[in-house]
Amino acid sequence: MISIGIRLAVVEPRIVAAGLFAGSFVPRTMFEEARQVTIPLHVLLQWDDEGNDRQAALDLFDAFGSKEKTLHANMGGHTGVPQFAGEDAAGFFARHLR
């Protein structure tokens, strides 16, 4: 759940970068915590995710306080994540976790 990732990014100083999947319900209270997230972010969004509100995911992405944040949106439903999305995330972590 992305809410857990948000909370961890705020309270755990050892986390220096995060990859998040914008594919779950996010309580409105988490938007304030998202503003406190300042680490580099790689956010994956499945554009046609049948169980999640696309606009809420976009609003949450906008709320993140990170100066470096990337949104990767792919066509398809919740389980239709393309293989290259994992490769993109691996590249993100390779850059930030050296």
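**Close-up views of a three-stranded sheet and its helices**

**View 1. H42 and its bridge partner in the sheet**. The bridge partner of G19 in β2 is H42, in a predicted model in which local features need pLDDT of at least 70, side-chain atom pairs count only at pLDDT 80 or more, and totals for chains, interfaces and linings use all residues. Residues are numbered from 1 along each chain as its sequence is written, and side-chain values use heavy atoms, with hydrogens and water left out. H42 belongs to strand β2 (residues 41–46), where strands (E, at least two residues) and helices (H or I, at least four) are DSSP runs numbered from the N terminus. With a relative accessible area of 6%, H42 is buried, a term that stands for under 20%, while exposed stands for over 50% and partly exposed for values in between (1.4 Å probe, protein chains only). Beyond its neighbours within four places in sequence, H42 has contacts that include A18, G19, L20, A85, A89 and F92, contact being heavy atoms within 4.5 Å.

**View 2. The open sheet**. Three strands form an open sheet in the order β1-β2-β3, with parallel pairing; two strands pair if DSSP finds at least two bridges between them. β1 (18–21) and β3 (69–74) are the edge strands, each pairing on one side only. From one strand to the next the twist averages 15°, with axes taken as lines fitted to C-alpha atoms (for helices, over the stretch in contact) and angles running from 0 to 180 degrees between N-to-C directions. The parallel strands β1 and β2 are joined by four bridges.

**View 3. Helix α4 on the sheet**. Helix α4 (residues 83–96) packs on the sheet and touches β1, β2 and β3, its direction making about 170° with that of β2. α4 has 14 residues and reaches 21 Å from its first C-alpha to its last, close to the 20 Å expected at 1.5 Å a residue, where the expected span is 1.5 Å times one less than the number of residues. A85, A89 and F92 are buried in α4; because they cover an arc of only 55° around the axis, they lie on the same side of α4, the arc being that of the directions from the helix axis to the C-beta atoms.

**View 4. Helix α1 and its two faces**. I2, S3, I6 and A9 are the buried residues of helix α1 (residues 2–11), and their arc of only 125° around the axis puts them on the same side of α1. These buried residues pack against β1, α2 (30–36) and α3, whereas the face of α1 turned away from its buried side carries the exposed residues I4 and V11.
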